[in-house]
Amino acid sequence: MRNDSHNERHFGKMACHRPGLLAMLILLGFGLQGCKNLKEIEPGESVLSLPPPVTPIPLAVLPLVTPAPLSLQPLPPLPPVQPAQIAPEQPALSAAVAKPRLVVWNNCSTLPIWIASSGNVPPPATRNVRILPGQSYSFYIPDAGLSSTRFWPKAWCDDLGQKCTLGSSGGDGQDCPAGGCAPPIDSKFEASFGAVGVDCAKDNKGCDWWDTSAVDGYSLPFKLEVDSQCPQAKKIDCLGLSFAECPAVENLGSVGKQDLRVVDHVSSKVVGCYSPCGKLTYSNWGNKVGQHAPDSDVAKMYCCPTPPVSPQQCRAGPVEKSAFVKLIHQKCKNVYGYAYDDAVGLQVCPAGTTYTWTLGCPTATEVVLG
């Protein structure tokens with residue numbers, strides 16, 4: 001399940017066995033912000049004062065006014081009341097918030113998508129935000145910045161965004177299905193948001209560091225667009241990803257050929273695709289080959305923990321040549337396919353940039369496993 005130890009794989013706040021992308025940058029000397037949660041700045045309180053007392057006017061000096069006769073006309077009938085469409089609540093703006101930093105669109109015409117977020121994200125009414133087909137939701141981040149945030153989609157959920165078939169992989173404010181949490185292979189947007197007003201070119205505190213890593217796997221197809229504040233950002237269009245293309249026969253060395261499709265054991269729906277490392281290290285839902293530690297002899301050349309595996313050894317090893325990584329490079333350019341996929345993946349933009357994340361539909365529904 002996704003818990004604190006899982007989240008630590010991706011950011012400095014969370015130091016698990018698999019190094020996170022921003023954690024690796026810290027180790028490489030980028031000097032990113034610490035991972036303490038930043039408290040959203042509250043607007044300053046104002047003090048109300050009572051007006052001075054009003055001196056009453058003597059009745060004798062007031063002129064007498066004769067009221068004009070009223071002409072009553074019947075009012076037109078009121079239009080019928082239409083039931084209001086339920087829309088997600090937007091967080092109230094504070095003095096520390098200038099504009100949304102992340103806008104999420106549901107581009108799937110057939111079902112609502114729920115967006116879950118890490119516990120340090122300024123909370124909406126719930127940790128799960130429902131986005132109806134064709135609609136969007138905006139996340140507001142304090143101008144002071146916020147480190148180690150994470151967002152991921154959920155689908156086929158109950159009315160509270162819980163008990164989902166896709167994306168119920170645990171975490172702060174999240175539940176797990178009766179059969180246990182799903183493996184945390186979700187498509188995701190991860191960012192350490194910098195401080196608005198600080199020059200990113202001179203101080204990395206003014207930079208956003210972000211990625212849409214597929215190091216663990218993927219669930220929904222997606223696209224990520226960046227506004228004009230960050231013209232150097234690389235285009236990310238992974239709407240061509242599908243469950244149908246997830247490698248069903250991937251050679252993983254000593255454990256042989258493996259099916260990387262993630263299948264919900266209750267509904268038989270395909271709900272994701274493992275990366276090679278994810279297949280070898282996540283035992284959720286009865287994955288028998290997922291019992292290995294990332295630094296074990298079986299998994300280390302696919303997960304590449306350092307130590308014992310150097311970046312050079314990782315890139316020269318079997319993971320670079322896997323069908324999964326080739327799929328990510330073909331259908332999801334500029335996204336990490338494995339831990340040291342350094343030619344693509346992590347990007348940097350000036351703080352205050354707005355990111356638009358568009359999510360598509362699951363592209364396959366069921367699979368019969370032999």
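Q: Is Cys304 buried or exposed?
A: Cys304 is buried in this predicted model. Its relative accessible area is 0%, and buried means under 20%.

Q: Where is Cys304 found?
A: In the loop between H4 and H5. Helix H4 covers 300–303 and helix H5 covers 311–316.

Q: What about phi of Cys304?
A: Phi is positive there, about 55 degrees, although Cys304 is not a glycine.

Q: Staying with that loop, which residues does the cis peptide bond with omega of about -5 degrees join?
A: That cis bond joins Thr306 and Pro307. Pro307 has its place in the loop between H4 and H5.

Q: And the peptide bond from Pro307 to Pro308, cis or trans?
A: The bond from Pro307 to Pro308 is cis, with omega near 15 degrees. Pro308 also sits in the loop between H4 and H5.

Q: Changing topic: what is phi of Lys163?
A: Near 50 degrees, which is a positive value in a residue other than glycine.

Q: Where does Lys163 lie?
A: Lys163 is in the loop between strand E5 and strand E6. Strand E5 runs over 146–154 and strand E6 over 189–193.

Q: Buried or exposed, that lysine at 163?
A: Lys163 is exposed, because its relative accessible area is 58% and the cut-off for exposed is over 50%.

Q: So how do the positive-phi residues Cys304 and Lys163 stand on burial?
A: Cys304 is buried at 0% relative accessible area, whereas Lys163 is exposed at 58%.

Conventions:
Residues are numbered from 1 along each chain as its sequence is written. This is a predicted model: local features need pLDDT of at least 70, side-chain atom pairs count only at pLDDT 80 or more; totals for chains, interfaces and linings use all residues. Side-chain values use heavy atoms; hydrogens and water are left out. Helices (H or I, at least four residues) and strands (E, at least two) are DSSP runs, numbered from the N terminus. Buried means under 20% relative accessible area, exposed over 50%, partly exposed in between (1.4 Å probe, protein chains only).
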